[in-house]
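Colleague: I am new to reading models like this one. May I ask how you justify the words you use?

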Amino acid sequence: MTAPPTPGDNRWTDEPLSDHSADELGRSPFIETVASRIDRATVADASTVFGLVGEWGSGKSSVIARVKLSLAEDWVVADFTPWSSGDAAAMSIEFVSTLATALDVEPAGEGRAKFARYAGFAAPLLGVVPLAGAVVADTASKVLSEIASRPPWHQQFEELSRLVKDHGKRVLIVIDDVDRLGADELTNLLRIVRLLGRFQGVHYLMAYDQSTVEGLLAASGVAGRATSFMEKIVQYPFEVPPIPRANAMRLVQALMADLVQVTGTRLDEVGLLRQSELIEVLASMITTPRTYGRYRSQLLAFADHVRQAELDLFDYAAVTWLRLEAHEVWRLLPKWRSELNTGSRTTGLLQRDKISTEEWKQRLRDVAGDADPLDLLRVLDLMFPGVSSNSISNFYAHPRSVSEDTFIGRYLLLALPEDDVSDALIAEALNDINSLRESSSTNSLGQLIDGPEPLASLAVSRAMDQRRPVTTASRPLIDFLIERVQAPRSGGEPAVGPSSLLRPWLARELAMGIEEAVITPSETLAKIGHAESFSYVSQFSSVLGGDNTRARRTLQGFADYWAAAIKERPQELIEDGSLLTGAVALVNYAGGSDRIAEALDPLASDSEAYIRLATAFVRFRRWVGSNSVTYEMTFEATEFRTVVSSETRGRYADGLAAQKQHIPYVTDDLDEPEVEDVQLREFVIDSLRALDGGN
């Protein structure tokens, strides 16, 4: 396999290409047309000016190089570079020197002297005081007297015309980069071509950008007639064609293949689809060699950053295009990210309005200058789910997407920002943990998770994303996560912090571990504690994809343990009400309610004992608001009914009203998870009375 081009590959620099062996731009027919028309100009024809017209970067110089190779062998081709001359006199000297050299005029001969005199005579005619390239300090009258002492211009022209004709060769003077000239330089050049150099058999090929040249002519006072002025100078203008779509497709396909190989990227089905969509979009926008070359060199120059900054390859390619061709849009990506993801904008506290395709186009038109807004929208469509260029989104969800808030910084910096976490480090750490290898990556991941926000939560979230496709249990990972959950945190943890994210992750690992018998329920209880275990096992159904049957089966070992505890040591559980209600709820869910039915009836020996027993079923639920935490006092009626029979409840129902002291209490928005004992008792009595529809 041929190695992909490196960033130093110069096939797509601004240097002209003259290789006939590969027509990557599909321009061979155009070049043959230009060369064929030039070839029809003879040594006996009046001087003809051919124009090669194309925008900046369209590949005019490369076309010229290939046209030269395509001309008949009897042509004498010379390059005239007017933009390297300092002034009109120097330009005229450069011109006649170019022509004399093309005609093989002896450097010290009379012919060369005639050319020199011709140039010296022409410079003042072009309206410039310096003569033959030297700065003359004499007065203008001296110049005029010197002109007057010479033969008339037409005599010198006819004399040189005979010299050129006697030479018997077809001459093509190539003038490239005309649009590099200043306004005065351009007008002097056109005078030279139109007046000074119109020798029979001497023809010209000028390369220029039409709009630039017309702008320069307008600056010289030719406004309003610049186009017709150029039509008088250039008899045969040839417009350089854009890169054909098929060729652009092949170029971008090859570039993407190079990029995939350079970065070592492996593509899945989604990756292949995204690559195809990106190639389609880019090929429609690459119309000039310079556009393609600039884009290609940038992609390959920073290809190492795809690995180092852990970027998605095709988001990197799309973002790079925006950075080069629509820099302001690239700069606004972080500001627009929410709207690009949702396809809507905030218009009120809870209201969002959809952003139409036409509105997106106008927004892009306002900031992107001459770039086609539909093209830019198609690029954004590949990267963000909220925009569409043709009513059907081309966005495919993928890892490390630029659309994600935690990743977008990487694409702007082409590096890992300080507030980001390396995906490679996480992958290596997870692999080392599962392999029981102590490593710096494992230690770093542990330190990140145990450390301050926001990196702690970001590390957990990224690790969960990488672990999610895996469906096999890992005992070392379970032990690692338990250590992280139990690690002390300074200053307290926010309501949404790493532990709140770790819990569902650990719950999933525990569920798989118990299913596969890499850890037992008793080991789980010993490691994380009896009370803590309920917060994990209660999530088994959700972490197992909502499969209740599978979750109940996984929980059977825990149900056996707690059913025995409820029957054999109930008082121990009552002392910690959370254990009692959690145990009853778990056994109920696992399908074992019959095993603990009426289990606590013996503890309700009288009405006071009945009320004390019911108090163990009061829970304080925690509610987290935007800037506060409150509690709600609730009674776990379902669990109470399970372990206390209807006969026992009925025995004390009628006497509950007499136990009330009518003390006011509040159940919602409590600042702390507690109330006074008399309020708690009053709430329990009211809950018991409502339990079976009593008063």
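Modeller: Let us start with an empty space. The largest cavity holds about 60 Å³. Keep in mind that this is a predicted model.

Colleague: What makes that space a cavity?

Modeller: A 1.4 Å probe fits there but cannot get out, so the space is called a cavity. By the counting rule, there is one cavity of 30 Å³ or more.

Colleague: Which residues line the largest cavity?

Modeller: The lining consists of Arg274, Glu277, Leu278, Phe314, Asp315, Ala318, Leu382, Met383, Asn394 and Tyr396. Helix H11 (269-285), helix H14 (313-325) and helix H17 (373-383) are the elements that give two or more residues to it.

Colleague: How does that lining divide by class?

Modeller: Six residues are nonpolar, one is polar and three are charged. Tyr counts as nonpolar and Asn as polar under the rule used.

Colleague: What is the volume of the largest pocket?

Modeller: The largest pocket has about 860 Å³. A pocket is an open set of points, so the word differs from cavity, where the probe cannot get out.

Colleague: What surrounds the largest pocket?

Modeller: Its lining has 24 residues. Ala531, Phe534, Ser535, Ser538 and Arg621 lie nearest the centre. Helix H25 (530-537), helix H26 (540-543), helix H29 (577-589) and strand S8 (618-624) each supply at least two lining residues. H29 gives the largest share, seven residues. By class, the lining has 11 nonpolar, six polar and seven charged residues.

Colleague: Now the sheet. What is its strand order?

Modeller: The order is S2-S3-S4-S1-S5. This is an open sheet of five strands, with parallel pairing.

Colleague: Why are S2 and S5 said to stand at the edges?

Modeller: Strand S2 (75-79) and strand S5 (236-239) each have a single partner strand, so one side of each lacks a neighbour in the sheet. From one strand to the next, the twist averages 20°.

Colleague: How do you know that S3 and S4 pair?

Modeller: Pairing requires at least two bridges. Strand S3 (residues 170-175) and strand S4 (residues 202-208) share five bridges, in the parallel sense. Five satisfies the cut-off of at least two, so they count as a pair. As one example, isoleucine 173 has tyrosine 204 in S4 as its bridge partner.

Colleague: What packs on the sheet?

Modeller: Helix H7 (residues 183-196) does. The helix touches strand S1 (49-53), S3 and S4. Its direction makes about 155° with that of S4.

Colleague: Why is tryptophan 623 called partly exposed?

Modeller: The partly exposed class lies between 20% and 50% relative accessible area. Tryptophan 623 has 49%, so it counts as partly exposed. This residue is found in strand S8. Beyond four places in sequence, tryptophan 623 touches Ser628, Val629, Thr630, Tyr631 and Glu632. Tryptophan 623 and aspartate 669 are 46 residues apart in sequence, with 8.5 Å between their C-alpha atoms.

Colleague: Glutamate 310: buried or exposed?

Modeller: Buried means under 20%. Glutamate 310 has 8% relative accessibility, so it counts as buried. Its place is the loop between helix H13 (304-308) and H14. Glutamate 310 also has a positive phi of about 55°, although it is not a glycine.

Colleague: And what makes glutamate 598 partly exposed?

Modeller: Its relative accessibility is 45%, so glutamate 598 counts as partly exposed. This glutamate lies in the loop between H29 and helix H30 (607-615). Its phi is near 65°, a positive value in a residue other than glycine.

Colleague: Why is aspartate 432 called buried?

Modeller: Its relative accessible area is 6%, so the cut-off of under 20% is met. Aspartate 432 is in helix H19 (residues 423-434). Leaving aside neighbours within four places in sequence, aspartate 432 is in contact with Arg437, Ser439, Ser441 and Thr442.

Colleague: Last, the whole protein. How many helices and strands does it have?

Modeller: The secondary structure comes to 34 helices and nine strands. Of the 695 residues, 47% count as buried. Among contacts between residues at least 6 apart in sequence, 72% join residues at least 24 apart.

Note on methods
Residues are numbered from 1 along each chain as its sequence is written. This is a predicted model: local features need pLDDT of at least 70, side-chain atom pairs count only at pLDDT 80 or more; totals for chains, interfaces and linings use all residues. Side-chain values use heavy atoms; hydrogens and water are left out. On a 1 Å grid over the protein atoms alone, a cavity is a set of points where a 1.4 Å probe fits but cannot get out, and a pocket is an open set with protein on both sides within 12 Å along at least five of seven lines; lining residues have an atom within 4 Å of a point. Grid points are joined across faces, edges and corners, and a volume is the space filled by probe spheres set on the points. Helices (H or I, at least four residues) and strands (E, at least two) are DSSP runs, numbered from the N terminus. Axes are lines fitted to C-alpha atoms, for helices over the stretch in contact, and angles run from 0 to 180 degrees between N-to-C directions. Contact means heavy atoms within 4.5 Å. Buried means under 20% relative accessible area, exposed over 50%, partly exposed in between (1.4 Å probe, protein chains only).
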